[in-house]
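Let's work through a few short exercises together. Keep the picture beside you and try each task before you read its solution.

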Amino acid sequence: MAEIINLRQVRKAKARAQADAQAETNRIAFGQPKKAKTLQQRRKALEAERHEGHRLERPEPDSDPAE
């Protein structure tokens with residue numbers, strides 16, 4: 001004899017599983033604390049500043065070639 005299942009429970013369990021999967025992807029994407037984000041931004045800015053400081057020729061700021 002076949003096992004009797006409640007379709008409502010199955011539907012809710014499937015929805016819960018999908019919500020859990022979405023929550024996991026959100027945790028990975030947005031789960032970084034604010035302190036870590038700002039630290040990473042500061043390090044990136046410092047790295048860019050150091051990189052630009054090693055240029056041999058600096059580009060002219062806001063020079064218009066049409067004039």
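Helices and strands here are DSSP runs, with at least four residues for a helix and at least two for a strand, numbered from the N terminus. Bear in mind that this is a predicted model.

**Exercise 1.** Find how many helices and strands the protein chain has.

Solution. Go along the chain and count each kind: there are 2 helices and 0 strands. One helix, α1, covers residues 7-30, and α2 covers residues 34-53.

**Exercise 2.** Check whether the span of helix α2 agrees with its number of residues.

Solution. Start with the 20 residues of α2. The expected span is 1.5 Å times one less than the number of residues, so α2 should span 28 Å. Now look at the end C-alpha atoms: they are 28 Å apart, which agrees.

**Exercise 3.** Decide whether L7 and K12 are buried, partly exposed or exposed.

Solution. Recall the cut-offs: buried is under 20% relative accessible area, exposed is over 50%, and partly exposed is in between. L7, in helix α1, has 58%, so L7 is exposed. K12, also placed in α1, has 43%, so K12 counts as partly exposed. Next, turn to α2: the count of buried residues among its 20 residues is 0. Finally, take the protein chain: buried residues make up 0% of its 67 residues.

**Exercise 4.** Work out which surface patches L7 and K12 belong to.

Solution. L7 joins I5 and V10 in a nonpolar patch of about 300 Å². K12 helps form a positive patch with R8, R11 and R16. For the whole surface, the chain exposes about 7300 Å², with 54% supplied by carbon and sulfur atoms.

Conventions:
Residues numbered from 1 in each chain as written. Predicted model: local features only at pLDDT ≥ 70, side-chain atom pairs only at ≥ 80, totals over all residues. Heavy atoms only, no water. Buried < 20%, exposed > 50% of the residue type's maximum accessible area, 1.4 Å probe, protein only. Patch = residues over 30% accessible without salt bridge, like charges linked within 9 Å, V, L, I, M, F, W, Y side chains within 5 Å. Areas by Shrake-Rupley, 256 points an atom, 1.4 Å probe, with all protein chains shown as cover. Salt bridge = Lys/Arg side-chain N within 4 Å of Asp/Glu carboxyl O. Lys, Arg positive; Asp, Glu negative; His and termini not counted. Charge placed at Lys NZ, Arg CZ, Asp CG, Glu CD.
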